[in-house]
Amino acid sequence: MVGIIGTGVIAEAHLKAYLALPDRCQVVALCDIFPEKAQGLKEKYGLDAAEVYGDYDEMLKRPDISLVSVCTPPFTHLPASTACMRAGKHVLVEKPMALSLAECDEMIAVQKETNTYLGVVCQNRFTRENQILKALIDSKTAGRVLFGQVESFWYRGHSYYDLWWRGTWEKEGGGCTINHGVHQIDLLNWIMGPPETVTAVLANAAHDNAETEDLSAAILTYKSGAVVTLAVNLVTHGQYQRLAFQCEKAGISSPYQVRSSRSTDTGFPVDDPETVAELEKVRESIPKLERESHEAQIERVISFMEKGEIHSEDSADGRVALEVITAIYQSGFTKSTVRLPLGKDSLLYDKNGINENGTLAAEIRRNLSDVKNKGSVLAEKESTSAGYIRLSYQR
Ligand SMILES: NC(=O)c1ccc[n+]([C@@H]2O[C@H](COP(=O)([O-])OP(=O)(O)OC[C@H]3O[C@@H](n4cnc5c(N)ncnc54)[C@H](O)[C@@H]3O)[C@@H](O)[C@H]2O)c1
């Protein structure tokens with residue numbers, strides 16, 4: 001039996017995934033601090049047997065619930081997930097895993113202590129395009145990765161940041177890097193492993209109602225010698241996502257594209273159709289997916305539970321994504337290169353690093369363009385039952 005905490009935008013993706021597995025699970029509880037939102041979801045999907053809760057502690061008293069989807073804003077991921085695990089429930093928490101590495105470590109510690117499953121949503125690993133990319137790189141058919149380009153290019157208008165928790169270091173943990181870039185960063189880590197160093201720039205180009213960045217550009221270096229440029233922003237017309245790797249023998253991208261050049265005697269390139277054909281063969285050997293995205297990830301969790309497996313290593317993936325994000329923030333704030341791994345002694349290990357370090361916070365605000373009056377704007381943010389804020393602030 002399944003419960004969902006937080007019944008806003010992304011909860012529907014979880015709900016649809018559970019509903020696609022009717023013989024294997026049932027959603028019996030929906031919880032939101034605005035219970036009318038949970039009630040609305042219940043009615044929309046005709047979930048007659050589901051109970052609505054306004055407080056997750058009440059919901060977690062139910063012994064029949066074994067899995068909980070945590071679909072609340074990032075600042076609640078730690079308390080909600082740990083409450084679930086302490087109540088003996090397995091957890092699938094939405095990205096980003098938490099606000100800070102300290103919070104991730106606390107969640108992982110509780111997971112170990114309670115011997116429960118803790119997974120972080122990484123639905124883009126479960127798409128055919130990205131599975132093909134990973135399989136092609138893993139096959140080494142194209143040789144070693146020399147250079148990568150990761151693009152997480154979105155378009156979000158000014159009013160996107162009217163939602164009460166978005167655009168704040170305190171509640172969202174950052175801007176587009178942690179919220180949008182996290183997907184491509186997770187894929188990059190999945191394919192390349194963690195980088196050795198990160199050098200980044202942060203900016204706020206077009207959202208002066210957010211105190212966080214809406215643009216980041218980073219250069220990542222790897223032990224193998226590979227270099228990756230990673231760019232995230234919310235100002236791209238016709239938004240798109242791309243990962244591209246230039247390997248020794250071919251360039252491979254998701255969305256799928258393969259190109260291969262080899263050198264002539266003079267060093268100038270000619271096409272290499274043989275390598276392309278070899279890569280095509282690997283591509284064709286990759287099975288089609290029965291399910292994709294949230295549905296596939298949720299099916300995987302249900303399968304573990306059916307087999308009584310815990311797969312405690314899954315929670316580490318959410319932490320590594322946050323580690324790269326934290327390194328991007330630290331590098332952007334301090335204008336220096338940051339070396340991974342990041343542990344307890346790192347500047348932004350816990351959220352005090354961002355929220356309470358006065359000099360750093362001032363520096364962040366100075367670095368981001370035109371965010372004056374931010375403090376008073378954020379103080380006026382107030383949640384309503386629709387989840388949207390009322391702002392007296394005028395652009
Ligand atoms: N995987 C994806 O592609 C994807 C897409 C969108 C959002 N997200 C993530 O999902 C999470 C939620 O985002 P959203 O867009 O659905 O936000 P949302 O604001 O639409 O929904 C969040 C809901 O949680 C409720 N809530 C807040 N605190 C709560 C608490 N303590 N107990 C119970 N309910 C509480 C809010 O009232 C709201 O209804 C975020 O972490 C976000 O980054 C993931």
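Two strands count as paired if DSSP finds at least two bridges between them. Keep that in mind as you look through these close-ups of a predicted model.

**View 1. Strand 7 and strand 11 lie side by side in the sheet as antiparallel partners.** Strand 7 covers residues 145-155, and strand 11 covers residues 235-247. Nine bridges join the two. To find one for yourself, look for Y155, whose bridge partner in strand 11 is V235. Helix 6 (residues 128-138) packs on the sheet here, touching strand 7, strand 11, strand 12 and strand 13. The direction of helix 6 makes about 155° with that of strand 12 (251-254).

**View 2. Eight strands build an open sheet with mixed pairing.** Follow the strands across in the order 13-12-11-7-10-9-8-16. Which strands are the edge strands? They are strand 13 (257-259) and strand 16 (338-339), and each pairs on one side only.

**View 3. Strand 9 pairs with strand 8 and with strand 10.** Strand 8 (residues 197-203) runs antiparallel to strand 9, with seven bridges joining them. Here you can spot A203 opposite L215 of strand 9. Strand 10 (residues 227-233) also pairs with strand 9 in the antiparallel sense, over seven bridges. In this pair, S216 stands opposite V232. Strand 9 and strand 10 form a hairpin with five residues between the strands, where G225 takes a positive phi near 100°.

**View 4. Strand 9 has a covered face and an uncovered one.** In a regular strand, side chains alternate between the two faces of the sheet. Try tracing this along residues 215-221: S216, A218 and L220 belong to the covered face, while L215, A217, I219 and T221 belong to the uncovered one.

**View 5. Q111 sits in helix 5 and is buried.** Helix 5 spans residues 101-114. Why does Q111 count as buried? Its relative accessibility is 1%, and buried means under 20%. Leaving aside residues up to four places away in sequence, Q111 touches M85, T116, Y117, L118, I310, S312 and S315.

**View 6. Stepping back, the protein holds 13 helices and 16 strands.** Of its 395 residues, 53% are buried. Among contacts with a separation of 6 or more, 69% link residues 24 or more positions apart. The accessible surface comes to about 17,200 Å², and carbon and sulfur atoms account for 51% of that surface.

Note on methods:
Residues are numbered from 1 along each chain as its sequence is written. This is a predicted model: local features need pLDDT of at least 70, side-chain atom pairs count only at pLDDT 80 or more; totals for chains, interfaces and linings use all residues. Side-chain values use heavy atoms; hydrogens and water are left out. Helices (H or I, at least four residues) and strands (E, at least two) are DSSP runs, numbered from the N terminus. Buried means under 20% relative accessible area, exposed over 50%, partly exposed in between (1.4 Å probe, protein chains only). Contact means heavy atoms within 4.5 Å. Accessible areas come from the Shrake-Rupley method with a 1.4 Å probe; for residues, only the protein chains shown count as cover. Axes are lines fitted to C-alpha atoms, for helices over the stretch in contact, and angles run from 0 to 180 degrees between N-to-C directions.
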